[in-house]
Each structure stands twice: as C-alpha cells, then as structure tokens.
Amino acid sequence: AQAASEATVRPDIFGYNIVLDGWRQGSTIESALSAENLLQSMERGERFVMPDRTSYNTVIDAFCKAGRDQQQNHYRKGRHRKENRGNSHMDGTLDNLCAAQRAEDLLHRMDTAGVHPCTWSYNTVLNAWARSGQGKKAADHASALLLTMEERQEQDERRGKKEKRVCPDARSYSAVIDAIARCGDTDAPDRAAAILSQME
C-alpha cells in the first residue's frame, strides 16, 4: 500500500517553479536557457502541470538577470580597454540583445498561451531593453511595449474591470525614458520629454 501511494506522488506547479527559480539565480545565459528548456517541456505537456504566470515571469527574469550580470562582468574584466574596445563591446551588446529579445519573446508566448502578463512582466522586459545597449532598437521596442500596456489598460477600463492586469506605473515610464535617453538619437530628448509628460 505504501509503494502504491508513493507511485502516485507527482510534482506540482510549486515544485517546478522552485526549480525554475533556481536556474534564474544562476545569472548566466546558460542557466536562463536551462530554465527555458524546462518551461518549454511544461508548455508541450511533457510534465505533470502547465506553466503559470510565476513560471513565465521567473524565466523572463532569468534572461534579464543574465543580461545584467553579463554586462557587469563585461566592464569588470576591463574589456573596454582601447585595444579591445571594438570586439568586446560587440560581444557584450550581443549578449544583452539576446537576453532582452528572449525575454520579450517569452512575454508574447505567455500571452499566446492564455497566461496573461502582469505589470511586473512588462516592466522586467522594459528594463532589459533599457540596459541592453542596443540604442534605437531598444528604445523602439520599449516604446512599443509601453503602448501595448496603455492599450490593455484602456481595454480593461472600457470593460469596467476593477482590477487591471496591466497598468503602466512610474517604473514602466522610467524604463522607457531610460531606453530613449541611451539611444543616442538627436530626437531622444524630445521623445523622453514626451514620455515624461504622459506621467504628469
């Protein structure tokens, strides 16, 4: 009877999310990819549970954390020295682009799966783009995501929903302003000022 009982024990969503969080804390692209592989197996129905919002948010943050840590290591190791500046800068930004783009891709997959992203989900991706070092590309992606947040907020308001799943806050706008300010375009100050005015 004990053996039969033990055979029916299955991991639940909390167990899987703990493992995903362990990969998240690895702070490397490799650990983030491992977290994504587990998430994908959950999405395919190969595990005993389907991923929830926490599952997706954890893997999104895994890529964002990996991008941040890689950027810090890039400068810590002194790769910005003049004789190596060109190639090392390219390597670092490619790593950060990979992290930010993968985080955004997960955000869209999450939505497609019917697991609605929350404000935190969007803000994490916005911060990833702001710190990606991708200039105009990062500013454009961040601006588009903010627009999506605003549209979703308006949809919820029209439907009379008291609890809005997505509602841009000060962190959302600040991340987009940061991305625009870092893009280096001549119109960046005007774009940043326009975003700032939306907060007033």
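Analyst: A salt bridge is a side-chain nitrogen of Lys or Arg within 4 Å of a carboxyl oxygen of Asp or Glu. The side chains of Asp140 and Arg191 meet in one. This is a predicted model in which local features need pLDDT of at least 70 and side-chain atom pairs count only at pLDDT 80 or more, while totals for chains, interfaces and linings use all residues. Residues are numbered from 1 along each chain as its sequence is written, and side-chain values use heavy atoms, with hydrogens and water left out.

User: What makes Asp140 and Arg191 a salt bridge?

Analyst: The N to O distance is 3.5 Å. The limit is 4 Å, so the pair qualifies. The two residues belong to distant parts of the chain, 51 residues apart: Asp140 is in helix α7 (residues 135-158) and Arg191 is in helix α9 (residues 188-199). Helices here are DSSP runs (H or I, at least four residues; strands are E, at least two), numbered from the N terminus.

User: Are Asp140 and Arg191 buried or exposed, and how do you know?

Analyst: Neither word applies. Buried means under 20% relative accessible area, exposed over 50%, and partly exposed in between (1.4 Å probe, protein chains only). Asp140 has 32%, so it is partly exposed. Arg191 has 21% and is partly exposed as well.

User: Which residue does Arg109 pair with, and what makes that pair a salt bridge?

Analyst: The partner is Glu43, and the closest N and O atoms are 2.7 Å apart. That is within the limit, so the term holds. The pair spans 66 residues, from Glu43 in helix α3 (residues 29-43) to Arg109 in helix α5 (residues 85-112). Arg109 has a relative accessible area of 25%, which means partly exposed. Glu43 also stands at 25% and is partly exposed. Both residues belong to a network of salt bridges that links Glu36, Glu43, Arg102 and Arg109.

User: How many salt bridges does the structure hold?

Analyst: The structure holds 10 salt bridges. Another of them joins Asp178 to Arg182, with the closest N and O atoms 2.8 Å apart.

User: Why do Asp178 and Arg182 get different accessibility labels?

Analyst: Asp178 has a relative accessible area of 25%, so it falls in the partly exposed range. Arg182 reaches 52%, which is over the cut-off for exposed.

User: Why is Ala139 called buried?

Analyst: Its relative accessibility is 0%, so Ala139 is under the cut-off. Ala139 lies in helix α7. Contact means heavy atoms within 4.5 Å. Not counting residues up to four places away in sequence, Ala139 touches Ala179, Ile180, Cys183 and Arg191. Other buried residues of α7 include His141, Leu145, Met149 and Gln153.

User: How do you know that the span of α7 is close to the expected one?

Analyst: The expected span is 1.5 Å times one less than the number of residues. For the 24 residues of α7 this gives 34 Å, and the helix reaches 35 Å from its first C-alpha to its last. Just after α7, Gly160 takes a positive phi of about 75 degrees.

User: Where is Cys167, and what label does its accessibility give it?

Analyst: Cys167 is in the loop between α7 and α8 (170-181). At 29% relative accessibility it counts as partly exposed. Leaving aside neighbours within four places in sequence, Cys167 is in contact with Thr119, Met149 and Gln153. Cys167 and Gln153 are 14 residues apart in sequence, and their C-alpha atoms are 5.5 Å apart.

User: What makes α8 and α9 roughly antiparallel?

Analyst: Angles run from 0 to 180 degrees between N-to-C directions, and axes are lines fitted to C-alpha atoms, for helices over the stretch in contact. Under 35 degrees counts as roughly parallel, over 145 as roughly antiparallel, 65 to 115 as roughly perpendicular and the rest as oblique. The axes of α8 and α9 cross at roughly 175 degrees and come within 9 Å. The two helices are therefore roughly antiparallel to each other. Among the residues that meet are Tyr173 and Ile177 of α8 with Ala192 and Ile195 of α9.

User: At what angle do helix α2 and α3 pack, and what is that called?

Analyst: Helix α2 (residues 13-24) and α3 pack at about 160 degrees, with their axes 8 Å apart. That makes α2 roughly antiparallel to α3. The contact includes Tyr16 and Trp23 of α2, and Leu38 and Met42 of α3.

User: How many helices and strands does the chain have?

Analyst: The chain has nine helices and zero strands. Buried residues make up 41% of its 200 residues.
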